[in-house]
Number of protein chains: 2
Amino acid sequence: MRHTITGFSNPTVKFLRSLRDKKYRKRERRFLAEGLRLLTDARESGRIPEMLVMARGRDEHPLLAALERDVLAAGGTVIETGEEILAKITGKDNPQAVAGVFAEFDTSLSNIERGSAEIWLVAQALRDPGNLGTMLRTGDAVGAGGLILLDDCADPFSVEAVRASMGAIFTQRVAQAGWDEFIAWLRAGDGQLVAASLRNAHDYRSAAYRAPCFLMVGNESRGLPETYEDACDLRVTMPMKGRADSLNAAIAGAVLAYEALAHLDP
Amino acid sequence: MRHTITGFSNPTVKFLRSLRDKKYRKRERRFLAEGLRLLTDARESGRIPEMLVMARGRDEHPLLAALERDVLAAGGTVIETGEEILAKITGKDNPQAVAGVFAEFDTSLSNIERGSAEIWLVAQALRDPGNLGTMLRTGDAVGAGGLILLDDCADPFSVEAVRASMGAIFTQRVAQAGWDEFIAWLRAGDGQLVAASLRNAHDYRSAAYRAPCFLMVGNESRGLPETYEDACDLRVTMPMKGRADSLNAAIAGAVLAYEALAHLDP
């Protein structure tokens, strides 16, 4: 279905703007992805937006045409609007902007097929959506199965996380769980839980990684709770040569993931 | 010297607020660092702010007392103000906030003593201040000498970059240069230039790193210019197992830096 919207007070405009806000996103169970590149990543991963929004009279582009075709074929809606309204929706002053609305994916742990990948990333109380998106992107690069978010993390469907994932939100599995639920699920099957830690830890280069390997990093300022570290099968540490004793959480996860990859998939 | 400021229109308030803006920062050659932790990192690295700003009646803290003492001993200024004015300066609604004003460091290449470290990080046209700060933090962790910023990078003295560096802005050397200046400087002495690249590249795990090793990553969306890659002594690549063909620039730099560290300092 094709629509044209001309008024700022149109309910669809309000709906689209509301998706920048977590509260409305959770209520609607929908999220926004912006930019032709990201939307093309989604399409190539088999994820078609329910709704596509762009400016009237936007330049033609073969990738945009493909997107429109697929949205319409799937029974979705293509909305054309003025540049000012588009800027209001996307928060950007770019007449070439295009945005898509997707149904949120199911993020229950039961969707994680642990045997389908050698590496899984796990983040606990990760607060920064940019870090979260970057971890998804890194997961894609190392061939991880996905990212498991423990306790109170940033929203993986926020515009910032989706953007930083560079499309990996559409290819990586994402699960959300509390610690108790996660550890019970993990111990009910095969899997090595590895923490980036400074306590009683092995050198990360010579540690014995075992697939499926769950690599866990902690909150940006507090790190992992001690009890979580104690529940791990392996604690590994990276050299810290400077005056600080920690790395950015997404950096620690990536260095660890590339090391584990070299051991598990040499 | 101790001052109390009560009015929003006080010139010092205007000066402090203006330091959030690059144009004024460059004119004043001063930058802001916020938070007791960051300011303590600075102090412990021998960097004392010229000016310290905090709320009147703020809770006492031994680290804050040490900071005040050192600022006054160095002939600097301690400013107490109301919570509302402080919030205006720091952009945060936190009565415990404290901010310091530092003179910008000299960022000419001539300050880089290449033999003083085995690893140096180099970033070309890095646009995101968070990535820049994260690279400084990673540099501190791997014992790098510093970060060399090529071409048009984000400002290392922006509040965001300083914050993301977690204090490493005070311990890592920072240099800024155009490519021509940099490559002439590099070739006038010892040093291996290594690019993270996908073209004619060696596997990053088995490459022959040599100190002083300059590890270069490119712009977030365009990567490194081909001519820059061609001028390198070594091009290395990391496995890309997913559908994307790139990593976040700070992530790529960190994975490479930890690998080089393991080779150079086993």
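Two strands pair if DSSP finds at least two bridges between them. This report uses that rule for the strands of a predicted model, and then turns to helix packing, the two copies, and a few residues with particular backbone geometry.

**Strand pairs in chain B**

Strand β9 (residues 192–196) of chain B is joined to strand β12 (residues 234–237) of chain B by 3 bridges, and the two run parallel. Within β12(B), the residue that stands opposite B:Val194 is B:Leu234. Strand β10 (residues 202–203) of chain B is also joined to β12(B), here by 2 bridges, and this pair runs parallel. B:Asp203 has B:Thr237 as its bridge partner in β12(B).

Another pair in chain B consists of β3 (residues 51–55) and β5 (residues 98–103), which run antiparallel and are joined by 4 bridges. Opposite B:Met54 stands B:Val98 in β5(B).

The bridge counts are set out below.

| Strand pair | Bridges | Direction |
|---|---|---|
| β3(B) and β5(B) | 4 bridges | antiparallel |
| β9(B) and β12(B) | 3 bridges | parallel |
| β10(B) and β12(B) | 2 bridges | parallel |

**The open sheet of chain B**

Strands β3 and β5 of chain B also appear in an open sheet of 5 strands, with the order β1-β4-β3-β5-β2 and mixed pairing. The edges are taken by β1 (2–5) and β2 (30–34) of chain B; each has a single partner strand, so one side of each is left without a neighbour in the sheet. On average, neighbouring strands of this sheet are turned by 20° against each other, direction ignored.

**Helix packing in chain B**

Helix α1 (residues 11–18) and helix α5 (residues 83–90) of chain B have axes that come within 8 Å and cross at roughly 30°. Angles under 35 degrees count as roughly parallel, and that makes α1(B) roughly parallel to α5(B). From α1(B), the contact is made by B:Val13, B:Leu16 and B:Arg17; from α5(B), it is made by B:Ile85, B:Lys88 and B:Ile89. These contact residues divide into 4 nonpolar, no polar and 2 charged.

**The two chains**

Which relation links the two copies? A turn of 180° with a shift of 0.0 Å along the axis lays chain B on chain A, with an RMSD of 0.0 Å. That is the relation of a two-fold axis. B:Val255 is the residue of chain B that comes closest to the rotation axis, with its C-alpha at 2.5 Å. The same surface serves both copies, as 100% of the contact residues of chain B recur in chain A.

On the contact itself, 29 residues of chain B are in contact with 29 residues of chain A. Two elements of chain B, α6 (129–142) and α10 (249–264), give two or more residues to the side that touches chain A. The residues of that side of chain B divide into 16 nonpolar, 8 polar and 5 charged.

**Backbone geometry in the loops**

A cis peptide bond is found in each chain at the following residues. In chain A it joins A:Ala211 and A:Pro212, with omega about -10°. A:Pro212 lies in the loop between β10 (202–203) and β11 (213–217) of chain A. In chain B the peptide bond from B:Ala211 to B:Pro212 is cis, with omega near -10°. B:Pro212 is in the loop between β10 and β11 (213–217) of chain B.

A:Ala125 is not a glycine, yet has a positive phi of about 50°. The loop that holds A:Ala125 runs between β6 (119–124) and α6 (129–142) of chain A. Is A:Ala125 buried or exposed? With 21 other C-beta atoms within 10 Å, A:Ala125 is buried.

B:Met166, also not a glycine, has a positive phi of about 50°. B:Met166 sits in the loop between α7 (159–164) and β8 (173–177) of chain B. B:Met166 counts as buried because it has 23 C-beta neighbours inside 10 Å.

**A helix residue in chain A**

A:Leu63 belongs to helix α4 (residues 62–73) of chain A. A:Leu63 has 14 other C-beta atoms within 10 Å and is therefore partly exposed. Not counting residues up to four places away in sequence, A:Leu63 touches A:Leu36 and A:Thr40. A:Leu63 and A:Leu36 are 27 residues apart in sequence, while their C-alpha atoms are 7.5 Å apart in space.

Methods:
Residues numbered from 1 in each chain as written. Chains lettered and ligands numbered in written order. Predicted model: local features only at pLDDT ≥ 70, side-chain atom pairs only at ≥ 80, totals over all residues. Contact = placed C-beta atoms within 7 Å. Nonpolar A, V, L, I, M, F, W, Y, C, P; charged D, E, K, R; others polar. Axes fitted to C-alpha atoms, helices over the stretch in contact; angles between N-to-C directions. Parallel < 35°, antiparallel > 145°, perpendicular 65-115°, else oblique. Least-squares fit on C-alpha atoms with pLDDT ≥ 70 in both. Buried ≥ 20, exposed ≤ 12 C-beta atoms within 10 Å, placed from the backbone.
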